[in-house]
Amino acid sequence: MPTPSLAALPIRRLTPRDLTACADLSEDRGWPREEHKWGFLLTAGKGYGIDDPDGGLVSACVVTEYGPHDRLDLGAIGMVLVAERHSRQGIGRRLMRHVVSAMGTTPLTLHATPNGQPLYEELGFKVTGRAEMLCGHFTPGPSPSVVTRGATAADLTAILRLDEDVFGADRTHIITRLPAFADQLRVAEENGRIIGYAGAWPNMATQVVGPLIARDTETAKALIASLAAHTDRPLRTDIDVRHEELLTWAKERGLASVAFNAVMTYGISELPGDWTRRFAPLTVAAG
């Protein structure tokens, strides 16, 4: 039988059973396999993909939705990949058009690499910010003045309340998965009140710091330092470039700049919530 054209291959919903195929696709494009992250995103979000008649996936992406099911506040698109052998044939554009259409009037966001940005601009996404990826072994400094500790189950309600206030949308389905997904989940508190929280989760040889929500820069520093104190792995994180003081401090503590991504939106002029307290995402793939 003749092989169907790429344009005729159907786009379908992915499930956690597609984890290995998604990791294979990452590896095909020179990315780390990131199976831990793929598993989280395929469980917490909606995956879309195109099957290759010869096996594996031609393309894939994941959408993480936030807000009430009947009136979503935001959708974050991530992990947009096309197999190398099928690149530059319009597959990524077709998959993205499908996802944007499927999301209807829901505002969308994504983090774009320099290579991917032109496609997203063509589809109507606008650059509304930038994030800087840092990675390296953290060198401890003077003890922070902000008190931090490991989070407990009793903290969950306060964490969810703080997170929704800062993020601007309900992320209960994401935050409640953090204790199982992350190696560490820590909170900062003052007079018994939680003023910030952060997670650190394993991704290949690094510990990714995120999400990072904090009342101010000093609180964010204390949370990063406390996470670093409990791991021997290099830290990696993506910080909003508007947080210049935190970026300078992190670089002084041993984290080096790796790359910049453009934060893009569709259907809204800027992200909801309070950027002054939102320092780093759980992962750029989930907004």
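In this predicted model, aspartate 52 is buried, with a relative accessible area of 7%. Its side chain meets that of arginine 85 in a salt bridge, with N and O 2.7 Å apart. Aspartate 52 sits in the loop between strand 2 (46–51) and strand 3 (57–66), while arginine 85 belongs to the loop between strand 4 (74–82) and helix 3 (91–102), so the pair ties together parts that are 33 residues apart in sequence. Arginine 85 itself counts as partly exposed, at 47% relative accessibility.

That pair is one of 24 salt bridges held by the structure. As a general reminder, side chains of opposite charge can pair when their charged atoms come close. A network of such bridges links Asp24, Glu27, Arg33 and Glu35. Within this network, arginine 33 bridges to aspartate 24, and the closest N and O atoms are 2.8 Å apart. Glutamate 35 also forms a salt bridge with arginine 33, here with a closest N and O separation of 3.1 Å. Both acidic partners are partly exposed: aspartate 24 has a relative accessible area of 36%, and glutamate 35 has one of 38%.

The backbone offers a few points worth a look. Most residues other than glycine have a negative phi, and most peptide bonds are trans. Glutamate 34, however, has a positive phi of about 50° although it is not a glycine. Glutamate 34 is placed in the loop between helix 1 (19–28) and helix 2 (35–44), and it counts as buried because its relative accessibility is 5%, under the 20% limit. Asparagine 191 likewise is not a glycine and has a positive phi, of about 55°. The loop that holds asparagine 191 runs between strand 8 (184–190) and strand 9 (193–203). Asparagine 191 counts as exposed because its relative accessibility is 80%, over the 50% limit. A further backbone feature is the cis peptide bond between glycine 210 and proline 211, with omega about -5°. Proline 211 is part of strand 10 (residues 206–214).

Attention now turns to the interior. In soluble globular proteins, nonpolar side chains tend to be buried together. In this model, the largest nonpolar core has 36 residues, of which Trp38, Phe40, Leu41, Tyr66, Ile174, Tyr197 and Leu282 touch the most other members. Helix 2 gives the most to this core, contributing five residues. A second, separate core contains 27 residues, among them Ile50, Ile91, Ala112 and Tyr120. For tyrosine 66, leaving aside neighbours within four places in sequence, the contacts are Leu72, Asp73, Leu74, Ala76, Phe167, Ala169, Asp170, Arg171, His173, Ile174 and Ala286.

Strand pairing completes the picture. Strand 12 (residues 256–266) runs antiparallel to strand 5 (residues 108–112), and five bridges join the two. One of the pairings sets leucine 108 opposite tyrosine 266, its bridge partner in strand 12. Strand 12 is also joined to strand 6 (residues 126–136), again in antiparallel fashion, through nine bridges. Here cysteine 135 has alanine 256 of strand 12 as its bridge partner.

Notes:
Residues are numbered from 1 along each chain as its sequence is written. This is a predicted model: local features need pLDDT of at least 70, side-chain atom pairs count only at pLDDT 80 or more; totals for chains, interfaces and linings use all residues. Side-chain values use heavy atoms; hydrogens and water are left out. Helices (H or I, at least four residues) and strands (E, at least two) are DSSP runs, numbered from the N terminus. Buried means under 20% relative accessible area, exposed over 50%, partly exposed in between (1.4 Å probe, protein chains only). A salt bridge is a side-chain nitrogen of Lys or Arg within 4 Å of a carboxyl oxygen of Asp or Glu. A nonpolar core is a set of buried Ala, Val, Leu, Ile, Met, Phe, Trp, Tyr and Cys residues joined through side-chain atoms within 4.5 Å. Contact means heavy atoms within 4.5 Å. Two strands pair if DSSP finds at least two bridges between them.
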